[in-house]
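I opened my notebook to go through one structure piece by piece. Here it is, so you can follow along.

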Amino acid sequence: EQGKEKLRGADVAGALAAFQQANQLVADARYVYNICLAYEAGQQWENAEASCKQAKTMTTEARLQEKIDKRLDLIAHKQ
């Protein structure tokens with residue numbers, strides 16, 4: 001939640017650090033997806049794409065897979 005607050009407040013570096021720290025404590029596709037969002041907010045397209053692809057391999061949840069696919073499509077069109 002701290003990372004989401006930081007991202008909403010345009011603290012991209014702080015959000016990225018919070019998401020990475022959370023993922024180190026408990027590896028979870030949602031954290032990696034949020035890392036993707038933080039990279040995207042910082043216009044680091046390659047890192048964003050790689051993180052989204054990593055998140056996709058970490059989950060079988062259909063709803064999250066769909067969110068990841070939509071984000072990957074958006075990223076592909078921004079590069």
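Below are my entries, from the whole chain down to single residues.

**Entry 1: the whole chain**

I started by noting that this is a predicted model. Next I looked up the elements, and the protein chain has five helices and zero strands. Read from the N terminus on, the order is α-α-α-α-α.

Then I looked at the overall size. Along the principal axes, the C-alpha atoms fill a box of roughly 30 × 25 × 15 Å. For 79 residues, a compact globule would have a radius of gyration near 12 Å, and the chain has 12 Å, so the two agree.

How much of the chain is buried? I found that 35% of the 79 residues count as buried. I also looked up contacts between residues at least 6 apart in sequence, and 42% of those join residues at least 24 apart.

**Entry 2: the nonpolar core**

I went for the largest nonpolar core next, and it has 18 residues. Which residues have the most contacts inside it? They are Y33, C52 and I68. The elements that give two or more residues to this core are α2 (12-25), α3 (29-41), α4 (45-57) and α5 (62-78). The most comes from α3, with eight residues.

A general reminder I jotted in the margin: in soluble globular proteins, nonpolar side chains tend to be buried together.

I picked I68 for a closer look. Leaving out residues up to four places away in sequence, I68 touches Y33, C52, A55, K56 and T59. So two of my core names, Y33 and C52, turn up in that list because I68 touches them.

**Entry 3: helix α3**

Since α3 gives the most to the core, I gave this helix its own page. It has 13 residues and reaches 18 Å from its first C-alpha to its last, close to the 18 Å expected at 1.5 Å a residue.

Is α3 mostly buried or exposed? Ten of its 13 residues are buried, so the helix is largely enclosed by the rest of the structure. I wrote down the buried ones: A29, V32, Y33, N34, I35, C36, L37, A38, Y39 and E40. What covers them includes α1 (2-8), α2, α4 and α5.

I checked the ends too. At the N-terminal end, D28 caps α3, with a side-chain oxygen 2.7 Å from the backbone nitrogen of R30. Just after α3, Q43 takes a positive phi of about 55°.

**Entry 4: the disulfide**

I searched for disulfides, and the count comes to one. Which cysteines form it? C36 and C52 do, with their sulfur atoms 2.1 Å apart. C36 lies in helix α3 and C52 in helix α4, so the pair ties together parts that are 16 residues apart in sequence.

For anyone new to the word, a disulfide is a covalent bond between the sulfur atoms of two cysteines.

I noted the twist as well: the link of C36 and C52 has -80° about the S-S bond and is left-handed. Both C36 and C52 are buried.

**Entry 5: helix α2 and its neighbour K6**

Back to α2, which has 14 residues. From first C-alpha to last it reaches 20 Å, close to the 20 Å expected at 1.5 Å a residue. The buried residues in α2 are G14, A15, L16, A18, F19, A22 and N23. They pack against α1 and α3.

For a view from α1, I chose K6, which lies in that helix. Its relative accessibility is 34%, so K6 counts as partly exposed. Not counting residues up to four places away in sequence, K6 touches D11, G14 and A15. I also checked K6 against A17: they are eleven residues apart in sequence and 9.9 Å apart in space, C-alpha to C-alpha.

**Entry 6: two odd phi angles**

Last page: positive phi in residues other than glycine. A10 has a phi of about 70° although it is not a glycine. Where is A10? It sits in the loop between α1 and α2. A10 is exposed, with a relative accessible area of 63%.

Q43 came up again here, with a phi near 55° in a residue other than glycine. Q43 lies in the loop between α3 and α4. With a relative accessible area of 58%, Q43 is exposed.

Note on methods: Residues are numbered from 1 along each chain as its sequence is written. This is a predicted model: local features need pLDDT of at least 70, side-chain atom pairs count only at pLDDT 80 or more; totals for chains, interfaces and linings use all residues. Side-chain values use heavy atoms; hydrogens and water are left out. A nonpolar core is a set of buried Ala, Val, Leu, Ile, Met, Phe, Trp, Tyr and Cys residues joined through side-chain atoms within 4.5 Å. Buried means under 20% relative accessible area, exposed over 50%, partly exposed in between (1.4 Å probe, protein chains only). Helices (H or I, at least four residues) and strands (E, at least two) are DSSP runs, numbered from the N terminus. Contact means heavy atoms within 4.5 Å. The expected span of a helix is 1.5 Å times one less than its number of residues. A polar contact is a pair of N or O atoms within 3.5 Å; within protein, one must be able to donate a hydrogen and the other to accept it, and residues adjacent in sequence count only if both atoms are side-chain atoms. A disulfide is a pair of cysteine sulfur atoms within 2.5 Å. The radius of gyration is taken over C-alpha atoms; the globule rule is 2.2 Å times the number of residues to the power 0.38.
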